[in-house]
Amino acid sequence: MQTRKSLVERAIRMQNPERVPLCVQGSQIGLSDVLTFDLSLSKPNDPHTSEWGFKRERTPEGAWIVPDEPFLDKWSEVDEYKAPSVNLPRRLARVKQAAQVCGDRYRLARFGLSGYSVYRALRGKRWSSEDFLRDPERFQELMELIFEFEVNMFDGLARAGFHGVEFTDGWGSRKTSRFSLQLWRILLREGYAKVIKRAKDVGLQIWFSPSDDCVEFINDLTQIGVDVIKIESPSSLDVASLGRYHRGRVSFAVRIDELYDPNDDEGSRAMIRETQDCLGVLTGGFIGTVAANCPPEKIRVLFDIVKEFKGLN
C-alpha cells in the first residue's frame, strides 16, 4: 500500500496513485494526505499585524486577505523599508509538534501571501496597480526584496523535512487588473522563475495558487516549473476548456468541497467526477482539496468520494 506522501507525489508526477489524494486545510487533518504548514508570522506583540506590517485578515475559508489600504504609501517609506527577518527558529518552531501528528503525510509549507500579493498588501490596491506602469524600476526593486525573503527560506524548509512549498499569489481580477500577461512576462516572469528554480534545486515541489480567473498564466507557470496549480473556485471556471489546454502537463489541486451540496449527493458526486475527468489523466494529475472551515462530517463524505476514484475514464 502506498504511503500518504507517496500518494500525493505519485498524483503530482502522474505515476498511478492508488486513489485521488485529499488535502484538508486547517487543523482537521485526520483524513488528509497532506499536512499544510503556514509560514506566515505576525508581529511578536500584535497577532493582528503581519510581520510585513499590514493588517492580518482571513476569509471565512481561512485564506489571507490582501488589504486595500497601503502600508507603504510613499516611495520614501519604501526606501526605508526592510523585509522581515526570516528567523527560521521562530517560523518553524511548531514543526516538531506538527511532525508528531504528520505521520506518513506529505508536508507542504505554505506562504499565506507571496510575491505580488505581498506587494499589493504593502502598496495598497491603488498604488500596486499603477507602480509597474509609472515606476517599473522601483516596482521591480520592491519585488526583488520580496523574492529574496522567500528564497532565503528554502534551504531551511528542505532540512526541516518539507516536500513542497505553496505560493499564494495573483495579479488581480482579469476584469479590473492592468497587469496583462504580456506585462507580467516583461516584469515578473524572470523573478518568479528564479524563485521557483531555487526551491526546486533543494528538492521542493511547487504548488501555486493564482487567482482563479488568471488561467491565461497557467502555461507560463508550467513552463517555469510549477508542479501543481490550485483551483479554489472550480464552479466558476470552464474546467473542460482548462483541461483541454493543460490536462496532463500540470497537476491540479481542486477545492472539491465547493462542488459538494449535501442536498444533492448524487449530482455533487457526478460534478466532482466530471471535474476530475476534465483535469486529471489516467495516471494522476488531480488532488482534492478542502477548505479549513469544512465540517468534519462533510470531510468524511468527500474522503469516501475520492477513495472511490481509482482511475479515470
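User: Which strands does α10 lie across, and at about what angle does α10 run to β7?

Analyst: Happy to help, and keep in mind that this model is predicted. Helix α10 lies across two strands, β6 and β7 (205–209). Its direction against β7 is an angle of about 140°.

User: What is the order of the strands in the open sheet?

Analyst: The open sheet has eight strands, and their pairing is parallel. β1 (22–24) and β2 (34–38) stand at the edges, each with a single partner strand, so one side of each is left without a neighbour in the sheet. On average, neighbouring strands are turned by 25° against each other, direction ignored. The order is β1-β10-β9-β8-β7-β6-β5-β2.

User: Let's look at one pair: which residue in β9 does Lys230 stand opposite?

Analyst: Strand β8 (residues 228–231) pairs with strand β9 (residues 251–255) in the parallel sense, over four bridges. Opposite Lys230, in β9, stands Ala253.

User: Where is the kink in α5 centred?

Analyst: A good clue is the length of helix α5 (residues 115–128). With 14 residues, a straight helix would reach 20 Å at 1.5 Å a residue, but the end C-alpha atoms of α5 are only 12 Å apart. There is also a kink of about 85° in α5, and the residue at its centre is Leu122.

User: How many of the residues of α5 are buried?

Analyst: Leu122 is itself buried, and so are others in α5, including Tyr116, Arg120 and Ser128. The cover over the buried residues includes α2 (75–80), α6 (131–134), α7 (136–151), β6 (164–168) and α10 (189–201). Helix α5 is mostly covered, and the count of buried residues is 11 of its 14.

User: Are α7 and α10 roughly parallel or roughly perpendicular to each other?

Analyst: The axes of these two helices come within 10 Å and cross at roughly 10°. Phe147, Glu150 and Val151 in α7 meet Gly191, Tyr192, Val195 and Arg198 in α10. Angles under 35 degrees count as roughly parallel. The two helices, α7 and α10, are therefore roughly parallel.

User: Is Thr222 buried or exposed?

Analyst: Thr222 lies in helix α11 (residues 218–223). Leaving out residues up to four places away in sequence, Thr222 touches Arg249 and Val250. Its relative accessible area is 15%, and the cut-off to compare with is under 20%. Thr222 is therefore buried.

Key:
Residues are numbered from 1 along each chain as its sequence is written. This is a predicted model: local features need pLDDT of at least 70, side-chain atom pairs count only at pLDDT 80 or more; totals for chains, interfaces and linings use all residues. Side-chain values use heavy atoms; hydrogens and water are left out. The expected span of a helix is 1.5 Å times one less than its number of residues. The bend at a residue is the angle between axes fitted to the seven residues ending there and the seven starting there. Buried means under 20% relative accessible area, exposed over 50%, partly exposed in between (1.4 Å probe, protein chains only). Contact means heavy atoms within 4.5 Å. Two strands pair if DSSP finds at least two bridges between them. Axes are lines fitted to C-alpha atoms, for helices over the stretch in contact, and angles run from 0 to 180 degrees between N-to-C directions. Angles under 35 degrees count as roughly parallel, over 145 as roughly antiparallel, 65 to 115 as roughly perpendicular and the rest as oblique.
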